[in-house]
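Student: I keep running into labels for parts of a protein and I'd like to know where they come from. Can we go through some on a real example?

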Amino acid sequence: MTRSEQLFEAAQKVLPGGVNSPVRACRAVGTYPRFLEKGRGSRVWDADGKEYIDLICSWGPLLLGHCNETVETAVQEAVKKGLSFGAPTAIEVEMAELVCEMTGVEMVRMVNSGTEAVMSALRLARGATDRSKIIKFAGCYHGHSDSMLVKAGSGALTGGAPDSAGVPAEMAGDTLTADYNDLDSVRRLFEANPGQVAAAIVEPVAANMGVVPPQPGFLQGLRDLCDEFGGLLIFDEVITGFRLAPGGAQEYYGVRADLVTYGKIIGGGMPVGAYGGSRKLMELVAPLGPVYQAGTLSGNPVAMAAGLAQLKTLQSNPSIYAELERRGAMLQEGLRDALKGIPAQVNRVGSILTVFFTEQPVTTYEQAKSSDLERFKHWYLGLLQRGIYAAPSQFEAMFLSAVHTDEEIEQIIRAAREIF
Ligand SMILES: Cc1ncc(COP(=O)(O)O)c(C=O)c1O
């Protein structure tokens, strides 16, 4: 038995499924999770000492790789001054100023996770519009708050059914589900619920059904529909924020949302989320306004130090984005070539990619779901065996960082040639 298997056996006695977040359990790929011990740059090592090229990078936060020196030093300095105060600290001001400068939001509120950011932004949208319904897209993930755990009924006009036990039907009923990349489905929901839709929330690049780029005009079309029907547009940039460009998907696609949520990269590997928007909207948040939202550890100085160091590094090295694009394209093209003859689609935006094992191009959730999950399993296990640590589910992304090298990308492409 490997050390990881031993740890997993012990973990299952005291943690549901042996993990603190479900995908990590590797159930979709029929293996046990590798317990990780350390990371450096683009590499991680498991509890048995095996080294891997890391294509998860903590599910996105580590855009500069593991143990980036600037981030590490900033954290060490912050720790020496105290872990938490529950009082305002100077670093929160600096962080908020930088986030506003990079993303174009006028005000921001720090929270502790992407889930919390989305939950709070939805409350703000409802408070600002005095409407209760939310449009989301099937296959988009926005964290695990009640109203976001809803999938489409086929006649999506009538409101959703909960996707998880424990979500009250009344909550789910206020969540309307549209189809990603299908503006008509959004229009129909707005028209069927006149004056009731507080906001439409979208992952500007869907990355939780695997990576599915927005079709040309989709995001602008959403912007226009929200304006026409008086709902707010929320971009959930928990994955795309600071990754596609300093200003995230808003900058990358040139479409502005009313509210934006952040997570992952904004914390540099520490638990941080944030939501922001115009001054007018954000001034509705407590203590200025009637929308209550709070947090004992929000704006935690150690977490802020990590996030601020990472964001500053990104801001002062804009060439990182061109490099991420180049390496992403290199991996995409290499994988396409290596997988010729296999029914596979390599979707990519910038530095996030997914290989879907299906004949047809993937531009919708339905097409993503047509993937051959047995073939994916073979792919995943083949990568793992060859020292490449990728997401253990077809419906996730590969995350490249600024420290993955051309040689590593070639190694991944070589592995792809061998696996099939
Ligand atoms: C787009 C998106 N929104 C929200 C979340 C939830 O973030 P967290 O896991 O930090 O709560 C995720 C997590 O993967 C995400 O990808």
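**Where the labels come from**

Tutor: Sure, and keep in mind that this model is predicted. Let's begin with cysteines: the sulfur of C57 is 12 Å from the closest cysteine sulfur, which sits in C67.

Student: How do you know that C57 and C67 are too far apart for a bond?

Tutor: A disulfide needs two cysteine sulfur atoms within 2.5 Å. Here the gap is 12 Å, so that pair is too far apart for a bond. The count for the structure is 0 disulfides.

Student: Why is C57 called buried?

Tutor: The label goes to residues under 20% relative accessible area. C57 has 0%, so buried it is. C100 has 17%, so C100 is buried too.

Student: And T103, buried or exposed?

Tutor: Buried, because its relative accessible area is 3%, set against the cut-off of under 20%. T103 is part of helix 3, residues 90-103.

Student: What makes the link between T103 and V99 a polar contact?

Tutor: The N or O atoms must be within 3.5 Å. The T103 side chain reaches the backbone oxygen of V99 at 2.7 Å, and the backbone nitrogen of V105 at 3.3 Å. Both distances pass the cut-off.

Student: Which side chains have polar atoms close to the ligand's own oxygen or nitrogen atoms?

Tutor: Among them are T115, at 2.6 Å from a ligand oxygen, and N208, at 3.0 Å from a ligand oxygen. D236 lies 2.6 Å from a ligand nitrogen. The protein covers 81% of the 390 Å² of accessible area that the ligand has on its own.

Key. Residues numbered from 1 in each chain as written. Predicted model: local features only at pLDDT ≥ 70, side-chain atom pairs only at ≥ 80, totals over all residues. Heavy atoms only, no water. Buried < 20%, exposed > 50% of the residue type's maximum accessible area, 1.4 Å probe, protein only. Helix = DSSP H or I, 4+ residues; strand = E, 2+ residues; numbered from the N terminus. Polar contact = N/O pair within 3.5 Å; in protein donor to acceptor, adjacent residues only side chain to side chain. Areas by Shrake-Rupley, 256 points an atom, 1.4 Å probe, with all protein chains shown as cover.
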